[in-house]
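Subject: A structure for you to look at

Dear colleague,

I am passing on a structure that I would like you to open and read through alongside this message. Please keep the sequence beside it while you go through the notes that follow.

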Amino acid sequence: MSRHLYTNSRAHNRRTGRTTGAAAIAVVLAAGLATALPATAHAAGKAEAAEVLIPAPDRFDDGPETVLATGSQGVLHREGLSYLWTNTYNRRTKAVPELDDVAEDMLVHGHDEANRVIYTRPREDGGTDVVRIGVEDPSFTSTVKVPAGYLNLRISGGWVLATVERGDGTHELRVARGGAAADDPVVQLPAGATVGAEPVLLSSWSNQLVIGYRLADGSPGYGILTAYNGRVVPLPVTGEASSFRITQTTVSWFSRGGDGGPGVRVRQRESTAAPRVVPIATASPDSDVTSYVVGDNVLWYEGLTGPLYLTPFAGADTARMLLGSVWGTFLRTEGTGSVVALGRSGDGKNAIRLFSVDGLELVSELVLREVPRVKTADGEIGALSLDRGRLRYMNHLAGDATLHGRAVGTGLDPAEGARLEDFPGLTAGRFADGTDEGLARLLRDPESGRDVLVTGDDPGRQDGGIPLADMNGLGRIVDTSPEFVLYESGGRQYVVDIAHDLVVRDQRAQGAALAGDRLYKSAPGKPGTVNVVDPRSGRATASHDLGVDCVPSELQVSGSLVYWSCASRDAAGVYDTVTHRDYPAPASRVLLGDRFLASREASGDLRLTALRPDGSTGDLGTVTGLKPPTDDDGRGTTWTLDPAAGKLAWVGTDDTVHVTAPQQAVSPPVVTHSAVPATSAGGWNATWWLSKPAASWKVTLVRRSTGETVRTWTGEGSRGTVRVDWDGTSGSGDPVPAGAYTWRLTAAPADGSGDDVMASGTLRVTAG
């Protein structure tokens, strides 16, 4: 199967809802490749081609979840359009097909000890059917037929409360049993108490229902109704109260007035004693409070959402926050009570949880079901870069752009590595790897409107950068090197010395590229000439004659190769500054890698061409299935490469980033430049810059008169820079004698290609 077809099959799966993330990033070994990166793109005799695939990060949020009712052995909840039951004994979830055609507003919310889910269904005769479905035991399924004329049904567990008009504008409260209306108990309210058209049913346990009514003086009254006989025992509630709860053992409510001040009133269900007042520290003096009694503790929260707190009033538990926020709670009334809550904990997980008292009399938490994450937006890759084993890719999600990163290895083949820090708000042309200090990025100064260059791999750094062009408008990063950034804005180019936080060169926009500590630039007055200058001093260090009669408008450099383009003349090529050989190249949509060229054709495919040291070229294949760019180019947005390696990165039509290695006949590593002082008076700071990453390196310092090695420094995993800071002492900590010394650098290439880098020189120590 071709790589193109493989990619498309992944696209179908990902865009139809497969979870993406770290688990979706894989190194794929595809054998027998055809037109999409054929086997010729890899080392001779190699049967497999490595490829790292990174899907664009999609946005996943908590799916819609609602807790609807509870039972002694489970919870009824809705995920999306599905009614589900999750039991509390093994936390398994199953569908409730009997509710498939039931509207959510017809369901009865509350608790049922017999594990029944309940809904109402109007009848043609004006009455109502109350349908009870036994979820755990189908034998509990039944239907209560409430007569016509019973109004505003309130249902809790096995009981139905309704009002009936008396004919004089008043109402009486009845308990509907489903048989003859004459057999239904009429609620016996305290003397002078009345009810309106709508019953007030606040909580229930077994046949005990907490109801509300109006006393003779018009103030609110509350009592416990015994459902099977209609008798009401008033509760000693004074003033406004809320959050009434009844369990097998207690009855409770919240009140801000009366003796004891604001708090939850708790008393034993069958007691006539004054209730215990449990003070709770509310944040607002007039907020709505939802409270429950669980064992010897009050669980409570303010407003529509949490946090959910625990306040003990006896026993061994301690005050604490249980959830950072809640979206719904239900009391399970058996025993000393327990609470089912839908909410988010400190670890960020949204779940349905059960809080109950364990064997130590402490409130423990059981996660019944985590709320599934659902994809809410497709990720879209808008820019990417590849540099010395670091892939950066900008992802668009609902208008927000974030630059993500992934290590893809410094070997010949790409390999999945660690994630890099995310940088929000960066777009194409506004970021680039390649500096000693880490990622270079452009930020906008909100006061002046100027671009500011910030370097480093800390996304939190937003200030202390280098101010750039004194004009409004967004510029772009053209190129980077270990100590320099080439920036372009408003028809001008600026070379920024990031080691000294200075703009060291200002020139009109032209063909230019950075290579180590040198700037390659076209010579406007000398067609076909490329000058090489020291950016800091402006001194010319070399000049190359391309043998053409045009001034290149674009330059790229990789090792000894220089790509040049006179786009207006439709002329271009690659020039080897060492062998003086020329290679043909398209005049646009081209990137130069390590001994290879990638060019985007009119079809949208990428043509890959090897540039051999003998001056010949080779076909490395064609990459198909690229995401169409928004412009006619795509460089840096839908495809890119590492100019110092044989790796290529491109974006597929499904917004998956592919990292491949089409060229493995790469250049050997070299020291591109160095800053090594020739003398030292008690301190020596030396730096060597390599053309590619090193797996390991070693620097030795030898006293010439004796041949003794006085110091050795080693390191691993350098991305291209080796630094040694020496204080003039030997390995034992004693100052070394003054005199002549020889230093030697050895570095092993991380990609394993070519011999080790070797460099040496002399050092005179002037103070011992």
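Before the loops below make sense, you need to know that a strand, written with an E, is a DSSP run of at least two residues, and that strands are numbered from the N terminus. Please also bear in mind throughout that this is a predicted model.

**Unusual backbone places**

As background, most residues other than glycine have a negative phi, and most peptide bonds are trans. With that in mind, Glu-361 deserves a look, since this residue is not a glycine and yet has a positive phi of about 65°. You will find Glu-361 in the loop that runs between strand E29 (350-357) and strand E30 (363-370). Its relative accessible area is 48%, and because exposed means over 50% and buried means under 20%, Glu-361 is classed as partly exposed.

A second residue other than glycine with a positive phi is Arg-388, where the value is near 45°. Arg-388 also sits in a loop, the one between strand E32 (380-387) and strand E33 (390-397). Is Arg-388 buried or exposed? With a relative accessible area of 12%, Arg-388 is buried, because the limit for that word is under 20%.

The peptide bond that leads from Gly-306 to Pro-307 is cis, and its omega is near 10°. Pro-307 belongs to the loop between strand E24 (297-302) and strand E25 (308-312), and those two strands bring us to the sheets.

**Two open sheets**

Strands E23, E24, E25 and E26 form, in that order, an open sheet of four strands with antiparallel pairing. Strand E23 (289-294) and strand E26 (320-323) stand at the edges and have a single partner strand each, so one side of each is left without a neighbour in the sheet. If direction is ignored, neighbouring strands of this sheet are turned by 30° against each other on average. Within the sheet, the antiparallel strands E24 and E25 are joined by four bridges, and Asn-297 stands opposite Pro-312 in E25.

Another open sheet is made of four strands in the order E15-E16-E17-E18, and its pairing is antiparallel. Its edge strands are strand E15 (200-205) and strand E18 (231-234), each of which pairs on one side only, and the twist from one strand to the next averages 30°. Five bridges join E15 to strand E16 (residues 208-214), and these two run antiparallel; Ser-203 has Val-210 in E16 as its bridge partner.

**The disulfide**

How many disulfides does the structure hold? The count comes to one disulfide, and it joins Cys-550 to Cys-566 with a distance of 2.0 Å from S to S. Cys-550 lies in the loop between strand E47 (540-545) and strand E48 (554-558), whereas Cys-566 lies in strand E49 (residues 561-566), so the pair ties together parts that are 16 residues apart in sequence. The torsion about the S-S bond of Cys-550 and Cys-566 is about 80°, so this disulfide is right-handed. Cys-550 counts as buried at 5% relative accessibility, and Cys-566 is buried too, with a relative accessible area of 2%.

**The nonpolar core and its aromatic rings**

The largest nonpolar core has 22 residues, and Trp-688 and Leu-745 are those with the most contacts inside it. The elements that give two or more residues to this core include strand E61 (684-690), strand E63 (709-718) and strand E65 (739-749). Leaving aside its neighbours within four places in sequence, Leu-745 is in contact with several residues, among them Val-671, Trp-688, Trp-697, Val-722 and Met-758.

A pair of aromatic rings is described by the distance of the centres and the angle of the planes. The structure holds nine aromatic pairs, and one of them is formed by Trp-684 and Trp-713, which lie 6.5 Å apart from centre to centre with 50° between the planes, a tilted arrangement. Trp-684 is in strand E61 and Trp-713 in strand E63, so the pair ties together parts that are 29 residues apart in sequence. Both of these residues, Trp-684 and Trp-713, are buried. Ring pairs link Trp-684, Trp-688, Trp-713, Trp-726 and Trp-743 into a cluster, and one member of that cluster, Trp-688, has already appeared above among the core residues with the most contacts.

With best wishes

Terms used:
Residues numbered from 1 in each chain as written. Predicted model: local features only at pLDDT ≥ 70, side-chain atom pairs only at ≥ 80, totals over all residues. Heavy atoms only, no water. Core = buried A, V, L, I, M, F, W, Y, C linked by side-chain atoms within 4.5 Å. Buried < 20%, exposed > 50% of the residue type's maximum accessible area, 1.4 Å probe, protein only. Contact = heavy atoms within 4.5 Å. Pairing = 2+ DSSP bridges. Axes fitted to C-alpha atoms, helices over the stretch in contact; angles between N-to-C directions. Disulfide = S-S within 2.5 Å. Phe/Tyr/Trp six-rings, centres within 6.5 Å; stacked < 30°, edge-to-face > 60°.
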